[in-house]
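Student: I have a model open on my screen and would like to talk it through with you. Shall we begin?

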Amino acid sequence: MKKKIVFLLQNGIGFGHFKLALTIAKNFDSENFEIIFLTQAKSTRIFDGYNYKVINIPPTYSLRSNNEVLFVYKFVDKVIDKIKPSVVIEDTYPDDFYLNLPKLQFIPKILIINRLIAVEFENYYYNGVLEQYDKIIIIKNQHEFLNELTSVKVKNFARYSDKIIYSGNVFNEPSPLCCENVKN
């Protein structure tokens, strides 16, 4: 039986977080892993040309009422229950919307930190947000990241915690659709 990996993605200005997630997803072999993207994208075109499941929900900031938020919240919780992921991977900005889903409470969580400023990381540490993740992958080298931190306590956490993995830079690969468009 394949292990299911769910990427929880938000959309900011561009698609950088999506490209990073796609780059990571390509490293899982399709015989042993099923990749599912749960996105809040305005467009899912970036996933064209890939053989991944994509579930798109409205961006939470665009929901106009508590009833809409509650409806989407319950919908996503049911989707997670149906998928039964082995692990969820969230990119850069922890989202309370996802972290508070009942069906995600006992699922291992990985946070990928890319382009997060030090003060935000320190705030996540002091607010207990980082405790909710089983692993934290920081896309910088350790020395560079530690030099940005100001709190000694957070610096020690970032240096010695077995939760944290430093990967250095990750380079995004162009999608098959992008390559095809360049060729034409």
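Student: In what order do the 7 strands of the open sheet lie?

Tutor: Happy to help, and keep in mind that this is a predicted model. The pairing in the open sheet is parallel. Reading across its 7 strands, the order is β3-β2-β1-β4-β5-β6-β7.

Student: Which strands stand at the edges of that sheet?

Tutor: Look for strands with a single partner strand, because one side of each is then left without a neighbour in the sheet. Neighbouring strands here are turned by 20° against each other on average, direction ignored. The edge strands are β3 and β7 (164-166).

Student: How many bridges join β5 to β6?

Tutor: Strand β5 covers residues 109-113 and β6 covers residues 135-138, and the two run parallel. Ile 110 has Lys 135 in β6 as its bridge partner. The number of bridges joining β5 to β6 is 4.

Student: Now for helix α2: what span should its 18 residues have?

Tutor: Helix α2 takes in residues 66-83, and the expectation rests on 1.5 Å a residue. The rule multiplies that rise by one less than the number of residues. The end C-alpha atoms are placed in agreement with this, so both the expected span and the distance come to 26 Å.

Student: How wide an arc do the buried residues of α2 cover around the axis?

Tutor: The buried residues are Val 72, Val 76, Asp 77, Val 79, Ile 80 and Ile 83. They sit on the same side of α2, because their arc is limited. The face turned away carries exposed residues, among them Lys 74, Lys 78 and Lys 82. The arc of the buried set is only 160°.

Student: What do those buried residues pack against?

Tutor: The helix α2 lies across β1, β2 and β3, and runs at about 180° to β2. Its buried residues pack against those strands and a helix as well. The full list is β1 (3-9), β2, β3 and α3 (96-99).

Student: Are the rings of Phe 37 and Tyr 52 stacked or edge-to-face?

Tutor: There are 11 aromatic pairs in the count. The centres of Phe 37 and Tyr 52 are 5.4 Å apart with planes at 70°, and planes over 60 degrees apart fall in one class. Phe 37 is in strand β2 and Tyr 52 in the loop between β2 and β3, 15 residues apart. The angle decides, so this pair is edge-to-face.

Definitions and conventions
Residues are numbered from 1 along each chain as its sequence is written. This is a predicted model: local features need pLDDT of at least 70, side-chain atom pairs count only at pLDDT 80 or more; totals for chains, interfaces and linings use all residues. Side-chain values use heavy atoms; hydrogens and water are left out. Rings of Phe, Tyr and Trp (its six-membered ring) pair if their centres lie within 6.5 Å; planes under 30 degrees apart count as stacked, over 60 as edge-to-face and the rest as tilted. Buried means under 20% relative accessible area, exposed over 50%, partly exposed in between (1.4 Å probe, protein chains only). The arc is that of the directions from the helix axis to the C-beta atoms. Contact means heavy atoms within 4.5 Å. Two strands pair if DSSP finds at least two bridges between them. Axes are lines fitted to C-alpha atoms, for helices over the stretch in contact, and angles run from 0 to 180 degrees between N-to-C directions.
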